[in-house]
Amino acid sequence: MAKIRTLTNLQEALDAEMSWRIKEISDFRFATKAQTTSSRTFLRAGVALVYAHWEGFIKVASEHYLNFVDNQGHIYRDLKTCFVVFGLKGRLASLSDSRKAKPNIETLDFVFAEMDKPAKMSMSSAIDTESNLTSKVFANIAASIDISISPYETKFNLIDESLVRRRNKVAHGEYLDLSSSDFMVLADEVLQMMRNYKTDIENAATLESYKRP
């Protein structure tokens, strides 16, 4: 992954990530409008595609933001706790797993000693969508990079029922009763959530919200 060092780099990366996804979803919107014998097939495929772009964009956009924070040259002490976790997750995991005093003490001593060192995010599998980006998983990802979930809470039922449940039915080969108008609404709602998430990340980067107050 290329290093994202500036706000411009971040915005360009997010724009590029968003644009091709909009194009693909738009293609399926057009295909489902045509009242043909294949339109039902396109509706089923369209649901799977919209879900794929929802999961893919949230994951990649979050990783781009972490990449940006990682390249700002801060020490751990400068950053909010959620970002410190990405750098020290391995040692923190050993802390939670161990019941012995000595390893726990050594781990905490290590963490305290790291606070004044340059922050380095562990990007490998940093953002885990669990291959099933429900509202619960989305909320966890957003919280992990300090993006407020409050504006999305009214959409949680849509995420879980209209999007994820339908996608799972398609993935499991089950019948899906979905009209063209229902698909249009779903596609529009998901695209808007993706746009909102993109804006939230751009605002957080611009305002340096990743920094500890």
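## Surface and overall build

In this predicted model, the protein exposes about 11200 Å², and carbon and sulfur atoms supply 53% of that area. Of its 213 residues, 44% count as buried. Taken along the principal axes, the box filled by the C-alpha atoms comes to roughly 65 × 40 × 30 Å. The protein carries 28 positive and 28 negative charges, and the mean positions of these two sets are 2 Å apart.

The secondary structure consists of seven helices and zero strands, and reading along the sequence gives the pattern α-α-α-α-α-α-α. If one takes the contacts with a separation of 6 or more, residues 24 or more positions apart account for 81% of them.

## His53 and Glu17

His53 is found in helix H2, which covers residues 39-70, and because its relative accessibility is 3%, under the limit of 20%, this residue counts as buried. Its side chain makes a polar contact with the side chain of Arg21, at 2.9 Å. When neighbours within four places in sequence are left aside, the residues in contact with His53 are Trp20, Arg21, Glu24, Ile25 and Met194.

Glu17 has its place in helix H1, which covers residues 7-33. Is Glu17 buried or exposed? With a relative accessibility of 13%, which is also under 20%, Glu17 counts as buried. Its contacts, again without the neighbours within four places in sequence, are with Phe57, Val60 and His64.

## Aromatic pairs

A pair of aromatic rings is described by two quantities, the distance of the centres and the angle of the planes. In this protein the count comes to seven aromatic pairs. One of them is formed by Trp54 and Phe138, whose rings are 5.2 Å apart from centre to centre with 45° between the planes, and this pair is tilted. The pair links distant parts of the chain, since Trp54 belongs to helix H2 and Phe138 to helix H5 (residues 135-144), and the two residues are 84 residues apart. Both Trp54 and Phe138 are buried.

For Tyr65 and Phe83, the ring centres are 5.9 Å apart and the planes stand at 85°, so this pair is edge-to-face, an angle over 60 degrees being what that label requires. This pair, too, links distant parts of the chain, with Tyr65 in helix H2 and Phe83 in helix H3 (residues 81-97), 18 residues apart. Both Tyr65 and Phe83 are buried. In addition, Trp54, Phe138, Tyr152 and Tyr197 form one aromatic cluster.

## Helix H5 and the loops beside it

Why can H5 be described as largely enclosed by the rest of the structure? The reason is that seven of its ten residues are buried. The buried residues of H5 are Ser135, Val137, Phe138, Ala139, Ile141, Ala142 and Ser144, and Phe138 in this list is the residue that forms the tilted pair with Trp54.

Ser131 lies in the loop between helix H4 (101-114) and H5. Although Ser131 is not a glycine, its phi is positive, at about 55°. Just after H5, Asp146 takes a positive phi of about 65°, and Asp146 is likewise a residue other than glycine. Asp146 is placed in the loop between H5 and helix H6 (156-171). Because its relative accessible area is 35%, which falls between the limits of 20% and 50%, Asp146 is partly exposed.

## Ile201 in helix H7

Ile201 is found in helix H7, which covers residues 180-206. Its relative accessible area is 0%, so Ile201 is buried. Leaving aside neighbours within four places in sequence, Ile201 is in contact with Leu10, Leu14, Ala61, Ser62, Tyr65, Ile145 and Ile147. Tyr65, which appears among these contacts, is also the partner of Phe83 in the edge-to-face pair.

How far apart are Ile201 and Arg21 in sequence and in space? The two residues are 180 residues apart in sequence, and their C-alpha atoms are 18 Å apart in space. Arg21 has already appeared above, as the residue whose side chain makes a polar contact with the side chain of His53.

Note on methods. Residues numbered from 1 in each chain as written. Predicted model: local features only at pLDDT ≥ 70, side-chain atom pairs only at ≥ 80, totals over all residues. Heavy atoms only, no water. Helix = DSSP H or I, 4+ residues; strand = E, 2+ residues; numbered from the N terminus. Buried < 20%, exposed > 50% of the residue type's maximum accessible area, 1.4 Å probe, protein only. Polar contact = N/O pair within 3.5 Å; in protein donor to acceptor, adjacent residues only side chain to side chain. Contact = heavy atoms within 4.5 Å. Phe/Tyr/Trp six-rings, centres within 6.5 Å; stacked < 30°, edge-to-face > 60°. Areas by Shrake-Rupley, 256 points an atom, 1.4 Å probe, with all protein chains shown as cover. Lys, Arg positive; Asp, Glu negative; His and termini not counted. Charge placed at Lys NZ, Arg CZ, Asp CG, Glu CD.
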